[in-house]
Amino acid sequence: MSNSNSNQMWGGRFAAGPDAIMEAINASIGFDKRMAAQDIAGSRAHAAMLAKVGILTDNEAGAIQEGLLAILSEIETGKFEFSTALEDIHMNVEARLKEIVGEPAGRLHTARSRNDQVATDFRLWVRDQLDAAETGLLALVHALLGQAEAGADWVMPGFTHLQTAQPVTWGHHMMAYVEMFTRDLSRVRDARKRMNESPLGAAALAGTGFKIDRDMTADALGFDAPMANSLDAVSARDFALEFLNVASISAMHLSRFAEELVIWSSAQFRFVQLSDRFSTGSSIMPQKKNPDAAELIRAKIGRIFGANVALMMVMKGLPLAYSKDMQEDKEQVFDAADNWMLALAAMEGMVKDMAANTDALEAAAASGFSTATDLADWLVRETNLPFREAHHVTGALVAMAESKGCDLPDLTLEDMQSVNKEITADIFDVLGVHNSVASRQSYGGTAPSQVRAQIARWKEILA
């Protein structure tokens, strides 16, 4: 293929040549327009501060404030025309402001740079997403508490290696996820507190010679304080990385639960029935009811964790302060935030709607010699056997039950005494699944009384 043909094929996307290529690679308005509300909020705070310190007159500041509100209205109603030639949300807003208010618009950018402006906008946007995540996590936790309360006494199998291990209660299983998602909640709150400092006023990288009031703008925007180092203020993106890290851990928790719901809703398990609102049918198999929402939640971790890695790669080699590479910080965070919020909402809906099949849960809880550990513990307590020997005796009884095609509670006392003569009829008091779960009274255990205590504890904390 000739070089000219190659260029023609490659250049078709950019028919205007190098200028169009540079415009396309340089522009961020296609995605950073999502920060329009934050950009305008930052500009309004900056304008009010400039008026207070005498850099703007009150009339100029008033005109700018009215113009910015008009622009926000245009954007919110879909009337605003975004221009790729103007590169980003900041220049688009500033150009429109000049059309509306004229010369005062040019004074708005005094004592600031696009570097501190975008850092401020992005922090405000991420902070809003952390607030949204807090709301979503709280809703999910309350849905799980509702399920736990309803099923504090329902027995089900507890698994290790996805093999039946010991009986637990439905409520205990739900409360495990309450613990996981409330840790996510604590990470959200912790991240929000740490990132809630204002970059505005750091200007390009060195601060400014104008006598500005950074405390005023920080307070106006809901920040706890201005950032203490101007270089750090414009170049730090660890707040975005921390957001992605928190989102990744939370999405991983969502994915684990989604995996369980996929398994539990299968015809082989029948532990739960998911509502039609969060399931789909098959195009050719009329009997199918697919847990698509759970499967898609399970897939979201890939996008969110991928965003975390991608932004880490963008930032890892950058010298201080600002580099254009940092324009690549936003799309990853925007995508991760969208998918995390969607996954939280979908999981909350599934948890609220799902119905447990208590008969299937109890039947599964009693299968697979799930009370073998209870038998071994009884031998230790009642016959003073060392645990390792009790483990051996229990293994022999499991083998016997297996050979007879029955479960441990179905063995006769004579069967058991043939393995260990010190076994008495009292053994049968611990072999039922309800007896097993009721006996697990240690703090954090699966006994219904412990589950209810944990539900009450979390309701008090969340209240």
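**Exercise 1. Describe the position and surroundings of S367.**

Step 1. S367 sits in the loop that links α14 (358–365) to α15 (372–383). Helices (H or I, at least four residues) and strands (E, at least two) are DSSP runs numbered from the N terminus. This is a predicted model, in which local features need pLDDT of at least 70, side-chain atom pairs count only at pLDDT 80 or more, and totals for chains, interfaces and linings use all residues. Residues are numbered from 1 along each chain as its sequence is written, and side-chain values use heavy atoms, with hydrogens and water left out.

Step 2. The relative accessible area of S367 is 31%, so S367 is partly exposed. The classes are buried under 20%, exposed over 50% and partly exposed in between, with a 1.4 Å probe and protein chains only.

Step 3. Setting aside residues up to four places away in sequence, S367 touches T164 and D407; contact means heavy atoms within 4.5 Å.

Step 4. The S367 side chain also reaches the backbone oxygen of A364, at 2.8 Å.

Step 5. V433 is 66 residues from S367 along the chain, and their C-alpha atoms are separated by 9.6 Å.

**Exercise 2. Decide whether D213 is buried or exposed, and list its partners.**

Step 1. D213 belongs to the loop between β3 (197–198) and α9 (214–220).

Step 2. With a relative accessible area of 18%, D213 is buried.

Step 3. When neighbours within four places in sequence are left aside, D213 is in contact with M49, K52 and V53.

Step 4. With K52, the side chains form a polar contact of 2.8 Å. A polar contact is a pair of N or O atoms within 3.5 Å; within protein, one must be able to donate a hydrogen and the other to accept it, and residues adjacent in sequence count only if both atoms are side-chain atoms.

Step 5. The side chain of D213 also reaches the backbone nitrogen of M216 at 3.0 Å.

**Exercise 3. Describe the protein as a whole.**

Step 1. Its secondary structure consists of 20 helices and six strands.

Step 2. The C-alpha atoms fill a box of roughly 100 × 60 × 40 Å along the principal axes.

Step 3. Of the 463 residues, 48% are buried.

Step 4. Take the contacts between residues at least 6 apart in sequence: 73% of them join residues at least 24 apart.
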